[in-house]
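Welcome! Keep the structure in view as you try the exercises below, and attempt each one before reading its solution.

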Amino acid sequence: MRTQNFFVGMFSLVLGIAIIFLSRDMPMFDESGILGERFWPYALAWLFIGLGVIQWISIYLQRGTADGEKADLSSYPVRKAYGVTVLMVIYAVALCYAGFIASSVILIPAIMWVMGERRPLFLAITTALIVLCIYVSFEVVFNSPLPESIFSESF
């Protein structure tokens, strides 16, 4: 398990450095001081780097405990995590074609359903509030457009 954790930390660290490297030519802010193309990838890159370092610190702190412990990769919680991963890949593709709002209105209740929430009214209200908060935050406050459907763009 320690070896796997080491490689997860290494992958996270390398991914963060790669994002910083690949976004180096993008502006952090535009001429009027609004967040530029590099701001969010740069923030995400530092998050990945921080998570990699935290993973390595956790390996160091747990060096004396349960070294021979094996992970059960076929257990129900792990299969649930695989399902959420598949949902996120579908969501990433759907963002390109359906846009943020339509994709999120489907993804958020789907993930909540996988996590055990079954109340339809709660699913609907929570989804609407989450999408609304993200929309207002990015479109109004940050003046940073969210992905739109390719079908809504003018030709």
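pLDDT is the predictor's confidence in each residue, from 0 to 100. This is a predicted model, in which local features need pLDDT of at least 70, side-chain atom pairs count only at pLDDT 80 or more, and totals for chains, interfaces and linings use all residues. Residues are numbered from 1 along each chain as its sequence is written, and side-chain values use heavy atoms, with hydrogens and water left out.

**Exercise 1.** Find the average pLDDT of the protein chain.

*Solution.* Start with the mean: the protein chain averages 86, and 93% of the residues score at least 70. Next, look at the helices: confidence is lowest in helix α1 (residues 2-22), with a mean of 88, and highest in helix α4 (residues 120-141), with 94.

**Exercise 2.** Work out how many helices and strands the protein chain has.

*Solution.* First, recall the rule: helices (H or I, at least four residues) and strands (E, at least two) are DSSP runs, numbered from the N terminus. Then count: there are four helices and zero strands. Finally, read along the sequence to get the pattern α-α-α-α.

**Exercise 3.** Set the radius of gyration of the protein chain beside that of a compact globule.

*Solution.* The radius is taken over C-alpha atoms, and the globule rule is 2.2 Å times the number of residues to the power 0.38. For 155 residues, a compact globule would come near 15 Å, but the protein chain has 19 Å. Now add the box: along the principal axes, the C-alpha atoms fill roughly 60 × 45 × 25 Å.
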